[in-house]
Amino acid sequence: MGEELRLPIAADVDVVEARQQGRALAAVAGFSSGEQTVIAAAISEIARNILMYAKKGEIILSLVQNGDRQGVSVVAIDQGPGIPDIERAMQYGYSTSHGVGAGLPGAKRLMDEFEVDSVVGRGTTITMAKWRRAI
Ligand SMILES: Nc1ncnc2c1ncn2[C@@H]1O[C@H](COP(=O)(O)OP(=O)(O)OP(=O)(O)O)[C@@H](O)[C@H]1O
Ligand SMILES: [Mg+2]
């Protein structure tokens, strides 16, 4: 353990970097190539949201262990505008930026754990994790 990566998100290249680092950490945790792609895709969506809505923030990637299960934890933090109605934001098709509105629900579906904490005017924290399937 002890593997923790703090990645600043403030430009498009940072989204690419977070995606790649997430993929690499998932590989270290023993996830299959397909699962690595899934984790990278979820990271990419929440990183894109940081850029789009908060302009900047941070993604923290770490390896986690629960009993004999290994996983990857992803925490995305920003001090942006916050989300006024989280339930609504989690619905597919809801977008305040003429987007598809698939980012948050998509990331939730891709991961095993997904939690949004947001305070208007303060910012948003998204915590998600994926666990390796038992072999
Ligand atoms: N970090 C954030 N800070 C503030 N609002 C956010 C943040 N992330 C998401 N939101 C809000 O939640 C809505 C839904 O996000 P979601 O990622 O699902 O869709 P989208 O970004 O609008 O479109 P896309 O399908 O391109 O991702 C956003 O339109 C925005 O209003
Ligand atoms: Mg989005």
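This short talk covers helix H1 and the packing of H2 against H4. Keep in mind that the model is predicted.

Let's start with H1. It runs over residues 12-28, so to speak a 17-residue helix. From first C-alpha to last, H1 reaches 25 Å. The expected figure is 24 Å, at 1.5 Å a residue, and the two are close.

Now, which residues of H1 are buried? They are Val-15, Ala-18, Arg-19, Gly-22, Arg-23, Leu-25 and Ala-26. These buried residues cover an arc of only 165 degrees around the axis, which puts them on the same side of H1. The general helix rule is worth recalling here. An α-helix has 3.6 residues a turn, so residues three or four places apart point the same way.

Turn to the other side of H1. There, Val-13, Val-16 and Val-28 are exposed.

What covers the buried residues of H1? The cover includes three strands, E1 (4-9), E2 (57-66) and E3 (69-78), and also helix H2 (33-54). After H1 comes Gly-30, with a positive phi near 95 degrees.

Next, H2 and its partner. Helix H4 spans residues 103-110. H2 and H4 pack with their axes 9 Å apart, at an angle of about 150 degrees. Angles over 145 count as roughly antiparallel, and that makes H2 roughly antiparallel to H4. The crossing of H2 past H4 is left-handed.

Who makes the contact? On H2, the residues are Val-38, Ala-41, Ala-42, Glu-45, Ile-46, Arg-48 and Asn-49. On H4, they are Gly-103, Gly-106, Ala-107 and Leu-110.

Technical notes. Residues are numbered from 1 along each chain as its sequence is written. Chains are lettered from A and ligands numbered from 1 in the order in which they are written. This is a predicted model: local features need pLDDT of at least 70, side-chain atom pairs count only at pLDDT 80 or more; totals for chains, interfaces and linings use all residues. Helices (H or I, at least four residues) and strands (E, at least two) are DSSP runs, numbered from the N terminus. The expected span of a helix is 1.5 Å times one less than its number of residues. A residue is buried if 20 or more other C-beta atoms lie within 10 Å of its own, exposed if 12 or fewer, and partly exposed in between; C-beta atoms are placed from the backbone. The arc is that of the directions from the helix axis to the C-beta atoms. Two residues are in contact if their C-beta atoms, placed from the backbone, lie within 7 Å. Axes are lines fitted to C-alpha atoms, for helices over the stretch in contact, and angles run from 0 to 180 degrees between N-to-C directions. Angles under 35 degrees count as roughly parallel, over 145 as roughly antiparallel, 65 to 115 as roughly perpendicular and the rest as oblique. A crossing is left-handed if the near helix is turned anticlockwise from the far one by less than a right angle, and right-handed if clockwise.
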